[in-house]
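Biologist: Please choose one part of this model and take me through it closely. Then set that part against the rest of the chain.

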Amino acid sequence: MVFKGTTMFSASLFRNIRRFQGFRTIRQICIKNFGNTLRLLPFYCLPVPFVTVHALSFRNSKEKEDKDQEKMIDYKAVIEAAEQLYQDYKVQELYDYLVQFKDCTNDEVLWRLARATTDKGKDSTDLEVKKSCMFEAFEYAKRALQINENNFACHKWYAVLLDYTGEYEGTKARISNAFSVKKHFLRAIELNPNDATSIHSIGFWCFIFADMPWYTRKVAAALFATPPTSTYSEALYYFQLAEKVEANFYSMNLLMIGKTHLRMKNYSAAKSLLVKARDYPVVTPDDKKAHEEAIQLLSKIGVKS
């Protein structure tokens with residue numbers, strides 16, 4: 001009898017609510033999904049504004065809770081721990097540590113997560129994993145840059161990953177991205193003139209376009225009225241500047257100085273730098289690549305390893 005009375009009251013209330021203009025009920029949704037069972041009348045007599053406000057209130061409460069939780073995180077400690085793992089080259093551990101903060105709004109954490117994900121991709125021998133990691137990393141880099149456009153590292157990693165993902169999308173895409181890549185590298189250098197990797201990166205950009213084969217130049221000419229161009233001299237300037245800022249910071253920079261000298265037929269200078277690249281301690285995949293390519297290039301100029 002209690003249920004019947006409650007049902008009769010709810011039905012009466014439902015009829016009264018329907019008289020008010022501007023209110024719509026969810027009765028039709030309930031009928032469609034559950035049929036005309038009277039037991040649902042207490043629920044579907046509620047007007048849509050009530051349900052919507054309740055949902056919005058819950059969502060806003062959840063967002064506030066997330067923000068409050070983020071405020072409680074000591075990001076300085078997170079960054080210090082991440083840097084230690086990076087210095088120790090614990091690639092998977094670093095990624096696993098930082099990925100738990102992937103939804104944060106801290107640009108310093110996000111660009112480091114982009115870097116860690118890139119290193120994870122480079123470390124993998126699975127081509128699909130490599131590709132997936134580069135695109136995942138690019139999403140973190142994009143968010144980091146959106147949060148803080150005055151952070152040099154955000155510009156650097158955005159440019160690096162725009163180029164890396166462009167490689168997977170094909171020559172046309174990579175060339176289309178070229179001006180944007182250069183712009184972000186130059187902005188990174190402007191914000192931090194003492195970052196050797198940003199300087200190396202713009203040098204590598206210059207080398208790529210100085211060393212571009214004729215058929216790629218044709219693609220570039222079809223895409224741009226004035227396609228991106230550079231010279232070996234310009235590339236060498238940036239590689240040497242990076243070395244001046246921080247000597248022996250990167251095996252690939254030593255390799256690229258030697259390789260550029262080789263293209264310019266400066267064989268003596270090329271030999272000296274290629275030997276340094278060959279003898280650089282092999283820790284990372286880039287070190288391994290620099291070591292192997294240096295041996296190949298040295299053999300071409302008669303130096304046995």
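Modeller: Helices and strands here are DSSP runs, numbered from the N terminus: H or I over at least four residues for a helix, E over at least two for a strand. By that rule the protein chain has 16 helices and 0 strands. The model is predicted: local features need pLDDT (the predictor's confidence in each residue, from 0 to 100) of at least 70, side-chain atom pairs count only at pLDDT 80 or more, and totals for chains, interfaces and linings use all residues. Numbering runs from 1 along each chain as its sequence is written, and side-chain values use heavy atoms, without hydrogens or water.

The part I choose is the cavity and its surroundings. A cavity is a set of points, on a 1 Å grid over the protein atoms alone, where a 1.4 Å probe fits but cannot get out; lining residues have an atom within 4 Å of a point. Points are joined across faces, edges and corners, and the volume is the space filled by probe spheres set on them. Searching the whole structure gives 1 cavity of 30 Å³ or more. The volume of the largest cavity is about 30 Å³. Its lining consists of Tyr86, Tyr89, Val91, Leu94, Ala116 and Asp119. Helix H6 (91-98) and H7 are the elements that supply two or more residues to that lining.

Start with Tyr89. This residue sits in the loop between helix H5 (75-87) and H6. Tyr89 is not a glycine, yet its phi is positive, at about 50 degrees. Most residues other than glycine have a negative phi. Lys265 also has a positive phi, of about 65 degrees, and is not a glycine either. Lys265 belongs to the loop between helix H14 (251-263) and helix H15 (267-278).

Now the H7 side. Asp123 lies in helix H7. Not counting residues up to four places away in sequence, Asp123 is in contact (heavy atoms within 4.5 Å) with Tyr89, Val91 and Pro285. Two of these, Tyr89 and Val91, are also among the lining residues. The C-alpha atoms of Asp123 and Thr284 are 7.9 Å apart, although 161 residues separate them along the chain. Asp123 counts as partly exposed at 41% relative accessibility; buried means under 20% relative accessible area, exposed over 50%, and partly exposed in between (1.4 Å probe, protein chains only).

Arg115 is in helix H7 (residues 107-123) too. Its relative accessible area is 7%, which makes Arg115 buried. Beyond four places in sequence, Arg115 touches Glu83, Tyr86 and Trp157. Tyr86 is one of the lining residues.

Charged pairs come next. A salt bridge is a side-chain nitrogen of Lys or Arg within 4 Å of a carboxyl oxygen of Asp or Glu. The count by this rule is 13. Arg278 and Asp279 form one of them, at 2.9 Å from N to O. Shared partners link Glu83, Glu108, Arg112 and Arg115 into one salt-bridge network. Elsewhere, Glu139 pairs with Lys142, with the closest N and O atoms 2.8 Å apart. These two are 3 residues apart in helix H8 (residues 127-147), which means a separation of about one helical turn. Glu139 is partly exposed at 41%, and Lys142 is partly exposed at 27%.

Now the wider packing. Of the 305 residues, 41% count as buried. A nonpolar core is a set of buried Ala, Val, Leu, Ile, Met, Phe, Trp, Tyr and Cys residues joined through side-chain atoms within 4.5 Å. The largest such core has 68 residues, and Leu98, Val109, Leu161, Trp205 and Leu255 have the most contacts inside it. Helix H9 (residues 152-169) gives the most to this core: 8 residues. Beyond four places in sequence, Leu255 contacts Leu274, Ala277, Ala290, Glu293, Ala294 and Leu297. Among contacts with a separation of 6 or more, 59% join residues 24 or more positions apart.

Last, confidence. Mean pLDDT for the chain is 84, with 77% of residues at 70 or more. Over residues 1-26 pLDDT stays under 50, and the model gives that stretch 29 contacts beyond four places in sequence. Residues 37-46 also stay under 50, with 22 such contacts. Where pLDDT is low, the predicted coordinates should not be read in detail.

Conventions
1 Å grid on protein atoms, 1.4 Å probe; cavity = no way out; pocket = protein on both sides within 12 Å on 5 of 7 lines; lining within 4 Å.
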